[in-house]
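Grab a pencil and open the viewer. Below you get a set of short exercises, each with a solution worked step by step.

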Amino acid sequence: MAVNGYFQLVNTKDGFGIKCVPPQDGGEPIQINELVDYLGKHNMVCDLAQLKKALDAGSEQIVRLGAGSCPVQQESYQLEISEDSMTATVRFYPPSETGQRMPIDEFIKDMQFKKIVYGLNMELLQEHFRKGQYCKNLVVAEGKPPRHGKDAQIEYFFNTDSHAAPTLNEDGSVDFFNLNTINHCRQGDLLARIIPEDKGECGYNVAGAQIKPRIVKRATLRYGKNVALSEDHMSISSEVNGCVSLIDNQVFVTDLYVVENVDNGTGNIEFDGSVQVNGNVCSGFSVSAQGNVIVKGVVEGASIYAEGDIVITRGMNGMSKGRLEARGNIVAKFLENATADAAGYISSESIMHSKVTAGNEINVTGRRGFITGGHACAGFKISAKNLGASMGATTVVEVGVNPRMKEEYQALQDDLLEIEKVIKKTQPILTTFAEKRAKGAQFSQEQLQYIRSLVMLTEAKKKELEEKNKKWEALQEVFEVQNDACVEVLGEAFPGTVIVIKDVSMALNNSYQHCQFKRIGGDVKMVGL
């Protein structure tokens, strides 16, 4: 066991001195600064050169300090408490040859007086007061750090990924029959449950002060109709057979309304759940659903709106008047002479002479996989086998712009300016009121009521400003991601195609194959896949 070097006041033949004992078994040597400080505290002086020579000798040495008997000095110590009050470190110094050791009870009382009351290492202290460990840092007390808990979580028992895409078959075709984009549920099915929060445990510093763990968040199940909450409020289940979805962190279960065709026999359809059309949607009719819309036939010049996804197994010929709008994704075998707008992605085997807009991606990579004519716009990426045609109409593909987010972003900017104007207008009035009141001015009840209303208005506007700033910053992050937007061509991009990335465009004068188009610097440039 390593033993540090230490020093002790002792008697000599002609007076008294300081005995310097070297370390043993790899212990730390005596620090000259520590020795000088010790002597200074006891009003003793010594030649530094003699001290240094004694310490460098490597053997036990006595340096004379003065005549007369050795002063009586009891065992002493130096205490150091860490900045966070989690550790107390003591460095003991031996008594003089004529002094006495400190009793352990006296030391513990001294610690209590100095408010070191928690986490004393009694085993270490007992060892010191039995053997003596001098000029060595001894951690005599340690606090207990808090154990931080975990936020509550919600576990969902259905697929919450809104980006599920159709499967590409080995022959290059897209499987529009087995999309697995709808989460079917049966009556009584468990939909979600809360994993309770772990509050953690308090800690204590060496002074016994409590250290609380960080605050954890609780969770609440949010749900719509057709959903039952358990008695302990910890889980939810379906009350009906239908399909389940997660929209804005809220669980919805909807019934599925099935019709053969949407035509004169049904008229327009508006349904709170999902709609499945086993046949066709005829020209001039509309379907509106709060869930998904599935059409197993074709869609003509009709309008379809869905809060969820739109799936058209055999495709759509919109006859220049058909329109699709989905808050989720749009999947169709083909889109021709149609307008399609999806908040998520659009997936198809071919898009011809149509105006299509997707918040995330447009994928046209099936067996045919071409975009010809019209305008295709996506927030992040457009991927197609072929773009344009050798003798076709102009084809415009645009990425890096999400129209929905752009409108929301602009609206938020306008709101922030208006809120700041209100705060800027009320602040001087409140400041003047405070200054006058501090000088002893008196105000009528009407004036006081007016000031109270201004205070409430200012606080409400500050809170609103904070919330809208968070949304604005979140949109900023999305726009930064959109800086990596690209157009991917797996086959050939024909001359006459126009590539637009954010606010920069490139008209293709030549044919390009198996490549990507990205914005590099201030230009649209072609790079290899």
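The exercises go from the overall outline to single strands and residues.

Before you start: this is a predicted model, in which local features need pLDDT of at least 70 and side-chain atom pairs count only at pLDDT 80 or more, while totals for chains, interfaces and linings use all residues. Residues are numbered from 1 along each chain as its sequence is written, and side-chain values use heavy atoms, with hydrogens and water left out.

**Exercise 1. Work out the secondary structure content of the protein and how spread out the protein is.**

Step 1: Take the DSSP runs, where helices are H or I with at least four residues and strands are E with at least two, numbered from the N terminus. That gives six helices and 38 strands.

Step 2: Compare the radius of gyration, taken over C-alpha atoms, with the globule rule of 2.2 Å times the number of residues to the power 0.38. The protein comes out at 40 Å, well over the 24 Å that the rule gives for 529 residues, so it's more spread out than a compact globule.

Step 3: Box it in. Along the principal axes, the C-alpha atoms fill roughly 125 × 75 × 55 Å.

Step 4: Check burial, with buried meaning under 20% relative accessible area, exposed over 50% and partly exposed in between (1.4 Å probe, protein chains only). Buried residues account for 41% of the 529.

Step 5: Count contacts, meaning heavy atoms within 4.5 Å. Of those between residues at least 6 apart in sequence, 44% join residues at least 24 apart.

**Exercise 2. Find the strand order in the open sheet of three strands, and say which strands stand at the edges.**

Step 1: Two strands pair if DSSP finds at least two bridges between them. Following the pairs gives the order β10-β16-β17, with antiparallel pairing.

Step 2: Look for strands with a single partner. Those are β10 (183–185) and β17 (250–254), so each has one side left without a neighbour in the sheet.

Step 3: Get the turn between neighbours, using axes fitted to C-alpha atoms; angles between N-to-C directions run from 0 to 180 degrees. Here the average is 35°, direction ignored.

Step 4: Zoom in on β10 and β16 (residues 242–247), which are joined by three bridges. On that seam, N183 has V244 as its bridge partner.

**Exercise 3. Is strand β29 largely enclosed or not, and which strands does it pair with?**

Step 1: Go through residues 350–358. Seven of the nine are buried, so β29 is largely enclosed by the rest of the structure.

Step 2: Check one partner. Strand β27 (residues 335–342) runs parallel to β29 and is joined to it by six bridges; E336 is partnered with M352 there.

Step 3: Check the other listed partner, β31 (residues 370–378), which is also parallel to β29, with eight bridges. K355 stands opposite H375 in this pair.

**Exercise 4. Describe the setting of S238.**

Step 1: Place S238 in strand β15 (residues 235–238).

Step 2: Its relative accessibility is 3%, so S238 counts as buried.

Step 3: Look for polar contacts, which are pairs of N or O atoms within 3.5 Å; within protein, one must be able to donate a hydrogen and the other to accept it, and residues adjacent in sequence count only if both atoms are side-chain atoms. The S238 side chain reaches the backbone oxygen of V240 at 2.6 Å.

Step 4: Leaving out residues up to four places away in sequence, list what S238 touches: among them are C185, N226 and V253.

**Exercise 5. Which settings go with the positive phi of S85 and of N226?**

Step 1: S85 isn't a glycine, yet its phi is about 60°. S85 lies in the loop between β4 (76–81) and β5 (87–93) and is partly exposed at 24%.

Step 2: N226 isn't a glycine either, and its phi is about 70°. N226 sits in the loop between β13 (210–211) and β14 (227–229), and counts as buried at 16%.

**Exercise 6. What caps the N-terminal end of helix α2, and what follows the helix?**

Step 1: For α2 (residues 48–56) the cap is D47, with a side-chain oxygen 2.7 Å from the backbone nitrogen of A49.

Step 2: After α2 comes G58, with a positive phi near 80°.
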